[in-house]
Structures are given as C-alpha cells and as structure tokens.
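Work through the following exercises with the sequence and the coordinates open. Each task is followed by a solution in steps.

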Amino acid sequence: MKVYDCRQCPKKTMIRCIDHSPCLPEEKAEIWRAFAAGQDTEAIRQFLQERCILRQEDEERALRERLRSEFVEDLGSDLLEELSSEFAGEPGPPAQEAISEDASAVEGPPGPRRPAPRHVTRPLTIGQADVMPRRPTATAPLQELPEVEEQPEPAEALPCSLVVVSTGHRISLPVEGELVLGRIDLDLGFTPDVDLTSDIQGVQSISRRHAKIAAFRGRHLIEDLGSTNGTAVNGRPLNPGQRVPLQPGDHITLGLCELAYSQTPRWVGIYRGRSYRAFFLVTFSGNRYYLPPKPEIILGRSDPEEGVTVDIDLSKEDRLVMRTSRRHARVIEEGGLHLVEDLGSTHGSRLNGAFLEVGKLVPLHPGDHLCLGSCILYYDFETQVEQKEVTV
C-alpha cells in the first residue's frame, strides 16, 4: 500500500486530512499554520499519517475491487454452465450475407441498413446475485414455470473476538473496518490498535505492526504485515500480505503468542446474581485500574500543581502517558452499562481502532480497547472468585 508524505500532499488534501482529525477547531488551525510555515514536527506528521484519508481511500478501493472481481468471477462461471446446458443442441441463427466494403459501386440505390443488434448489460452489485430465469422451451408452457423467489439478504454474522490463550486477554473485533495487532514502541512513538506487550511477558516475538484483522459485515480476515516471526492460522504460515478468512475455532499464532478465534458470549446477564466489577488493564505494563462505583469517572493524569485530580490516575505509567491529557476521557454508568466519551483531548481517543467524537458517548463492551493518546486500556469484568487471585 502506498505511503503518502504529508509535505507532498496538495493543499486541498492537507486541509481535508486536518479537518477529519479528532481535534478541536483551534488545534486544527495550529496544525495548518505549522505546515504553512514549514514548522511541522515528526509527531504532527505521524499523527496525520495514522489516519491518512488517501491511504484509507486506497484500502477501501482495493477491498471493493477485490470483492467485486471475486463476485463477478464466481457469478460468471455459474451463468456460463447454465447457459451452456440450456442452449446445447439448438440451431444457430441463419447466417447473414457479407456486405462488401465497395457496396456503393453496385448499380441502383442502396437498400436501408439494418441497425446492429444492441446488447444491454446490467450492472452487478456486490452481495446481490442477479437471478436469470430459465428460458422456456416448446414443450414447457409458460404457466408451468416456477416463479423466481427473491433471495433473502444473508444474515449478519454473530460478533466474534480473539482470546490470548495464556492470559485470557479478550480482543473485541469490529463488524466493519480494520484492527492492527502488534506492540507499543515508546522510542519510535508507535501505538497499534491492540497492544500485546503484557501477553508476551518481555519476549519480543511480536512486531510493532504484526498482523491486521479486516472486517466486512462481521466476517473477519487476517493478514500478516511482514512481521519478523510470522503469522500462522491452524499451524499454516501466512505469506506477507496474504489474507485468510477466519472461522470460529481457528487458532492463530503471532510469533510466540497464541490466540483463539471464537464467537463472543452474550454478556447481558452473564454476571446476574454474582459479585463483579469492571476494570481497565494497561496492556503495556499489565497494571489494573478498577472502576469506582461513581456515576462519573474521569480518566487522565493528575497534576497537583495545576489543581487537576482524576478518578483513574495514569501518571505512574510514566512515558506511556506522555500523549495522555490531564482530563482525557469520561466514563459514566447508565442502565448497568459503561459508556465512554472523549473530553477534547489533544491527541484524541480511539476505541477498537476508531476515533471517538468529542462529547459523544459510546458503550463499552468486554474486550474493547481504549487508546488514550498512546496508552491502551483493555476493558473487562471480573467476578468475586477472580478478584481473590488478583493483587490490587
């Protein structure tokens, strides 16, 4: 996939990219002034390249073309077999006499030309197969032909997720979009959508951008992104760039990290009658932060000098929260569910790889990954039995 350089983009494209970034209006104006004055930094360029609209358009275009070609190829072979069986043995149309190029030399006025037969084609739509009714024969009256029933739309796939076998770390997968699996690199300032640092326990067998999950209508494909130690599905290694569809029960290996792909349990009422509480786990350090029983919970960094205090203070994560704002995000409880919103942070908040709109509440589900700047938090529940095994 082509990598675009922000400095080489046209002015209109740069304005679109900055306008689509999850920043406040005054922050967008500062970013544009920095580029206009040639004072842009590597951090600003990386921030824009992570959500480059040209790259997103290229990926969407490539996905549409691939799905369209696969669909047309499958549909074309089926129609060819059907038409071959129907027209086998039928006499062809009578041959027409060839018209000489110098027909104007023939005596007498030329006769009227017949217009060439017009062939009309219908456009094909992805996900909807055109149904061609069978051609009636002389021995089969029209009234005996069965009516063609409209094919129902395929049912949506049940939600699925990945689970790290060794730690039980659940990764909720989107219905549409993409999710990059890898590890955080603080020196390079790189943050994937899902960080597996604490799952490999210091053994760097996972690359920064190791693999990608692509979702289309709830169905998922996995692709190796040129990782050092490779990706395998059910023991079969993947070539870099190769996409393989996933089925419930598949086992995926990223380096030395093993994950299982399965349907997500229905969480509604799963803890009914049992003592439980929700928590955020920092995927880089493994530190766990329990959500206090409050109607509103502020996530960020406390700053005593500025008089800022938050409910979940991530200050002890040190370098990991350099891009986390003091009052970064807010979590509220409503109807037994937790909802999260971004509070206008400088570097934005991402939920499962998608940026949150400022001030818009989005529900949290077990397995969701919330990225505050460069700090990734894994959201989940634990029961009273599990709490006894955890040192707070």
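**Exercise 1. Place strand β17 among its partners.**

Solution. Start with β20 (residues 362-363): this strand is joined to β17 by two bridges, and the two run antiparallel. Within that pairing, Val340 has Val362 as its bridge partner in β20.

Next take β16, which is joined to β17 by six bridges, again antiparallel. Here Ile332 stands opposite Leu339 of β17. The hairpin of β16 and β17 has two residues between the strands, and Gly335 takes a positive phi near 65° in it.

Finally, check burial. Of the six residues of β17 (residues 337-342), five are buried, so the strand is largely enclosed by the rest of the structure.

**Exercise 2. Decide where the confidence of the model limits the reading.**

Solution. The model is predicted. Its mean pLDDT is 77, and 71% of the residues reach 70 or more.

Two stretches need separate treatment. Over residues 92-108 pLDDT stays under 50, and the model has zero contacts beyond four places in sequence for them. Over residues 385-392 pLDDT also stays under 50, but for this stretch the model has nine contacts beyond four places in sequence.

**Exercise 3. Identify the largest nonpolar core and the strands that supply it.**

Solution. The largest nonpolar core has 26 residues. Among those with the most contacts inside it are Phe280, Leu291, Ile312 and Leu377.

Then assign the core to strands. At least two residues each come from β12 (276-282), β14 (296-300), β16 (327-334), β21 (369-372) and β22 (375-383). The most is given by β22, with five residues.

Now follow one member. Beyond four places in sequence, Leu291 touches Ala278, Phe279, Phe280, Ile297, Ile312, Val331, His338 and Tyr379.

A second core, separate from this one, has 23 residues, including Cys160, Ala211, Ile213 and Cys257.

**Exercise 4. Give the strand order of the five-stranded open sheet and find its edges.**

Solution. The order is β4-β3-β5-β6-β9, and the pairing is mixed. The edge strands are β4 (194-195) and β9 (243-245), each of which pairs on one side only.

Inside the sheet, take β3 (residues 177-182) and β5 (residues 209-216): six bridges join them, and they run antiparallel. One bridge pairs Gly182 with Arg209 in β5.

**Exercise 5. Is Thr191 buried or exposed, and what does Thr191 touch?**

Solution. First locate Thr191: this residue lies in the loop between β3 and β4. The cut-off for buried is under 20% relative accessible area. Thr191 has 6% relative accessibility and therefore counts as buried.

Then list the contacts. With neighbours within four places in sequence left aside, Thr191 is in contact with Ile184, Arg350, Cys371, Ser374 and Ile376.

**Exercise 6. Which residues of helix α1 are buried, and how are they arranged around the axis?**

Solution. In α1 (residues 11-20), the buried residues are Thr13, Met14, Cys17 and Ile18. Seen down the axis of α1, these residues fall within an arc of 130°, so they line one face of the helix.

The spacing can be checked against the helical repeat. An α-helix has 3.6 residues a turn, so residues three or four places apart point the same way.

Last, look at the face of α1 turned away from the buried side: there the exposed residues are Lys11, Lys12 and His20.

Key. Residues are numbered from 1 along each chain as its sequence is written. This is a predicted model: local features need pLDDT of at least 70, side-chain atom pairs count only at pLDDT 80 or more; totals for chains, interfaces and linings use all residues. Side-chain values use heavy atoms; hydrogens and water are left out. pLDDT is the predictor's confidence in each residue, from 0 to 100. Contact means heavy atoms within 4.5 Å. Two strands pair if DSSP finds at least two bridges between them. Helices (H or I, at least four residues) and strands (E, at least two) are DSSP runs, numbered from the N terminus. A nonpolar core is a set of buried Ala, Val, Leu, Ile, Met, Phe, Trp, Tyr and Cys residues joined through side-chain atoms within 4.5 Å. Buried means under 20% relative accessible area, exposed over 50%, partly exposed in between (1.4 Å probe, protein chains only). The arc is that of the directions from the helix axis to the C-beta atoms.
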